[in-house]
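Biologist: I am new to this structure and should be grateful for a close look at a single part. Please begin from one residue and work outwards.

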Amino acid sequence: MTRPPVRYRIITASLLTVAALYFLTPVYWLIVSSTKSSADLFGTFGFWFSGHPRPLGNLTDVLTYDHGVYARWFANSLLYAGIGAVCATLLSAAAGYALAKFPFRGREAVFNTVLAGVLVPGTALALPLYFLFSSMGLANTYWAVLIPSMVSPFGVYLCRIYAAAAVPDSLLEAARIDGAGEARIFGRLGLRLMTPALVTVFLFQFVHIWNNYFLPLVMLSDSRLYPIQLGLTSWIGFSDRKPVLYQYTVGGAFLSVVPLMVLMLVLQRYWRTGLTEGSVKA
C-alpha cells in the first residue's frame, strides 16, 4: 500500500497535536490548580504550581468537607452512570438486534421513530419528565434520574446498524436448526458478536449520564441525592460567602474526571474495534 506524501503526514500530525493540546489543557489546569490553596488559586500563574503545593491535603479536605458529602455525590454519580449505562446498553442491544434480525410490519416506522428520538435534545424532555414522575410520586428520588438514563435512542440505532452488519443470518439459522431458542441465540451469540458495539454504547452512555446536569437539577431537591455535577454547582453558589469552596470545587472537578479517564483507557481497545468492525462485508 502506498504511503501518503510526507507533507500530508506532517499536516495530519500537526492537526492531531493541536487537537490533543486543546483537550488536554483543561485537564492539566485542573491538576495544577488542585494542588494550590485558595489564595494561590487566584494569586499565582494558572498553568504552573505554587511554591507550596499540597495535592493530598487539598483532596482530603474535599472528601471530608461537610461530613464527606462529596463522597456521597461521587457514589450517586457512580450509581446513576453505572446502572443507567448497563441497562441502556442491554435494552439497546435487544432493541437493535430485534430491529435488525426480525422482519415485522412497521419495523422501519419504529426505527424512524428511534432516529427522531436521537434528534430530540434531552433538555426538551426534562420538564415533561418531571411532571410525569411527579404525578407518579417518583420526583426527588433515585428513580427520577435512573429511569430516563436507561433509554438511549443512539444506542438502539448503533446496535441495529452493527447487528445487521456483524451478526450473520446463516449463523442464527444454524443455531435454530440445532434447537436453540431465540433468547438463547441472542444471549449466547448475538451479545458476543455485538460486544464492540455494546462497549461503545456503554462508554457513550456512561459519559453522558456522568456529565448530565439539567435532568438532576430539575428532578432533585435533596442534596443527598445530587450527582457530582450538581453538587459542585451548589458549592459555587456558596463560594462568595465561603471562598474556600472555590478550591474544593476545583479539587472535586479533578476527582470527577478520573473515572472517565480510567474508563476510556480500559475500554478504548473495544471502542476502536467497535468503530470499524462490521464495516467490511466478507
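Is Arg-160 buried or exposed, and what is its relative accessible area?

Modeller: Arg-160 is buried, at a relative accessible area of 11%. Buried here means under 20% relative accessible area, exposed over 50%, and partly exposed in between, for a 1.4 Å probe and protein chains only. The model is predicted: local features need pLDDT of at least 70 and side-chain atom pairs pLDDT 80 or more, whereas totals for chains, interfaces and linings use all residues. Residues are numbered from 1 along each chain as its sequence is written, and side-chain values rest on heavy atoms, with hydrogens and water left out.

The residue belongs to helix α8, which covers residues 153-166. Helices (H or I, at least four residues) and strands (E, at least two) are DSSP runs numbered from the N terminus. With 14 residues, α8 reaches 20 Å from its first C-alpha to its last, close to the expected 20 Å; that expectation is 1.5 Å times one less than the number of residues. Arg-160 has company among the buried residues of α8, which also include Gly-155, Val-156, Leu-158, Cys-159, Tyr-162, Ala-163 and Ala-166.

Arg-160 forms a salt bridge with Glu-108, their closest N and O atoms being 3.2 Å apart. Glu-108 lies in helix α5 (residues 107-119) and Arg-160 in α8, so the bridge ties together parts 52 residues apart in sequence. The term requires a side-chain nitrogen of Lys or Arg within 4 Å of a carboxyl oxygen of Asp or Glu. While Arg-160 is buried, Glu-108 is partly exposed at 41% relative accessibility.

Six salt bridges are found in the whole structure. Another of them joins Asp-169 and Lys-101, at 2.9 Å from N to O. This pair also links distant parts of the chain, 68 residues apart: Asp-169 is in helix α9 (residues 169-177) and Lys-101 in helix α4 (residues 69-101). Asp-169 is partly exposed at 49% relative accessibility, and Lys-101 is buried at 11%.

Helix α9 also holds a local pair. Glu-173 and Arg-176 meet in a salt bridge of 2.9 Å, N to O, and both lie in α9, three residues apart, about one turn of the helix. An α-helix has 3.6 residues a turn, so residues three or four places apart point the same way. Glu-173 is partly exposed at 43% relative accessible area, as is Arg-176 at 26%. Together with Glu-182, Glu-173 and Arg-176 are linked in a network of salt bridges.

The UniProt record gives a wider setting. Its unreviewed entry places a "transmembrane region" at several spans, among them residues 145-168. UniProt positions follow the numbering used here, feature names are shortened, and annotations may be inferred rather than shown by experiment. In the model, the end C-alpha atoms of residues 145-168 lie 37 Å apart, and the span is 79% helix and 0% strand. The same unreviewed entry places "domain: ABC transmembrane type-1" at residues 74-267. The end C-alpha atoms of residues 74-267 lie 21 Å apart, and this span is 80% helix and 0% strand.

To return to the starting point: Arg-160 is a buried residue whose salt-bridge partner is Glu-108.
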